[in-house]
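Student: Please choose one part of this structure and look at it closely. I would like a single connected account, with the cut-off behind each term.

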Amino acid sequence: MNNLRSSVIGVYRIVIQSLLPSIAALTILVVVWGLWVGLGSVPEYIVPSPSAVLDRLVGNPGFFFYHGFITLVEALGGFLLGATVAILGATVMVHSRFVERTLLPLALLVKVTPIVAIAPLFVIWFGFGSAPKILIAALITFFPVMVNAFTGFRSINSDVLNFFRSVSATKSQIYFKLRVPSSLPYLFAAFRIAVPLSVIGAVVGEWFSGDRGLGSVIIIAHNNLDMPTLFSAILVLAATGVSLTVFVSYLEKRLLFWHEIGVIS
Amino acid sequence: MQIKPHISVYGITHFYRRVRPPLFVLTNVCFDVNRGEFISIIGPSGGGKTTLLSIIGGLQTPTKGLVKIDDICPKEAQRRRLLGFVFQDPSLLPWRTVLGNMSLANEIGVSASGKDPRDVLGIVELEQFAEYYPHELSGGMRQKVALARAFAVDPEVLLMDEPLGSLDEITRSGMRYELLRLWNLSRKTVVMVTHSIPEAVILSDRVLIMSARPGQVVSELEIKLPRPRSEDIERSPEFLDYTYCIREALSRATLLDSENGAANE
């Protein structure tokens, strides 16, 4: 009973302290937007009214769900691919100075080249299906994850490493029992950046080719000056980004219960 | 009959070549440690004591000289799991429980020759904290776990680098006797680096006094206080004599060093 009450109070507190202010801010934004459009100073083809956008969203949920799902799958597929390659690369780099010196400049080259500049190329190479979108999302994910994985793998406490060496731990034992857990805080910091980036990658890919996904919805709506659809697609993308970020934070809290207090104790 | 020493340190000289002129850390350090003897090394900071300890433990290779542990080299002794380490930092893995940290060495080693971690936890009266995470314990308790972990591996030689150095004075004075109690159960051969004169006297059979960099053993003092020792010895006149002797020897060591420095200039 007491437990129930305290958990009710806990939920209440979360609602009051973190959800309420953001909901209030959003409401104010929508009201200001509605008033601004409603007062007639802005034509519909520049900024649609909130009700027009809502009408479009609610009127055709299947449409937005279908395209949103495709973008989400492409983004997450690219994220998984990019993160896997990045973590494997960082693993090799941390064990070999030579590979580190070879791969790091290449990775930097990938990072400094604007993704929008590479996107058309990928379309030519990989066609009009999902492949170029996934690859663009993977490419944009790759760098932050690799740098943080590499830093994380190396950020091990030297006394702990000496303890492992003193009991003659093998390199793979040091990797799996020490380096991988030590790198989790760094990896999650990278994921929080890379997950929204992968959505950007997928959308940019969709701009250049194909007729599926929210990116192509945006391009088509733009060409038709169909503002309510354009706004709806943007809103769905924003909501997707928020949900993904919340999910990553949730995972981080669950897995890194030991971290907030300090990595090394 | 001469008893064969457990650890022999022959003419250890160590310098870093990368800087010009080469930085001499240790010059011609020689001493023996008998089986079951508790030895403390005390000296000014920066005198290469930690370097010496990692050379004895096979974590570093000296520029010149040789260490033998029962006629085998430290690296081989490490492989046979004859060596245990305790560092100033408890160096526990924050994502593992106390018991998980205690059994780490057994997981790494092929042969689990060590003691049951739960039994050793019982000796330091921490068995009810077996499922706690390091961040849920106090600093003193964490260091107790680190000590217990080292004893659980059940090595023949324990190398300790300021094992109580990170604790506050109140916790520290109690922990000295805790360490003494643990050691008394198995009478391992111990080499301990410390900055505390009382600690060296309370714990050791013999104290080696080292000079400032480049470190060398300038004098040694046998502590003939009877064992087992308890808090009472700190009030005995012999205890005060010993601490006074060490303090004298230390100030002579630093004086010697500053004269050397003046001569070099």
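Tutor: Two strands are said to pair if DSSP finds at least two bridges between them, and the strands themselves (E, at least two residues), like the helices (H or I, at least four residues), are DSSP runs numbered from the N terminus. This is a predicted model, in which local features need pLDDT of at least 70 and side-chain atom pairs count only at pLDDT 80 or more, while totals for chains, interfaces and linings use all residues. Residues are numbered from 1 along each chain as its sequence is written, and chains are lettered from A and ligands numbered from 1 in the order in which they are written.

The part I have chosen is the strands of chain B, beginning with a hairpin. Strands E1(B) and E2(B) form this hairpin, with six residues between them. E1(B), residues 7-16, runs antiparallel to E2(B), residues 23-33, and seven bridges join the two; within this pairing, His14(B) stands opposite Leu26(B) in E2(B). E1(B) also pairs in the antiparallel sense with strand E4(B), residues 64-69, over five bridges, and here Tyr10(B) stands opposite Leu66(B).

Next comes a sheet of six strands in chain B, which is open, has mixed pairing and follows the order E5-E6-E7-E3-E8-E9. Its edges are formed by strand E5(B) (83-86) and strand E9(B) (217-222), each of which pairs on one side only. Direction ignored, neighbouring strands of this sheet are turned by 15° against each other on average. Towards one edge, strand E8(B) (residues 206-210) and E9(B) run antiparallel and are joined by five bridges, with Ile209(B) standing opposite Ser219(B) in E9(B). Helix H1(B), residues 49-56, packs on the sheet and touches E3, E6, E7 and E8 of chain B, where a contact means that the C-beta atoms of two residues, placed from the backbone, lie within 7 Å. The direction of this helix makes about 155° with that of E7(B); axes are lines fitted to C-alpha atoms, for helices over the stretch in contact, and angles run from 0 to 180 degrees between N-to-C directions.

Strand E7(B) deserves the closest look. Strand E3(B), residues 38-42, pairs with E7(B) in the parallel sense over five bridges, and Phe38(B) stands opposite Val190(B). Strand E6(B), residues 157-161, likewise pairs with E7(B) in the parallel sense over five bridges, and in that pairing Asp161(B) stands opposite Val193(B). E6(B), helix H7(B) (residues 169-186) and E7(B) together make a right-handed β-α-β unit, right-handed meaning that, with the strands pointing away from the viewer, the path from the first strand over the helix to the second runs clockwise.

Why is E7(B) described as largely enclosed by the rest of the structure? Six of the six residues of this strand, 189-194, are buried, and the description therefore follows; a residue is buried if 20 or more other C-beta atoms, placed from the backbone, lie within 10 Å of its own, exposed if 12 or fewer do, and partly exposed in between. In a regular strand the side chains alternate between the two faces of the sheet. In E7(B), Thr189(B), Val191(B) and Val193(B) lie on one side and Val190(B), Met192(B) and Thr194(B) on the other, and with all of them buried both faces are covered.
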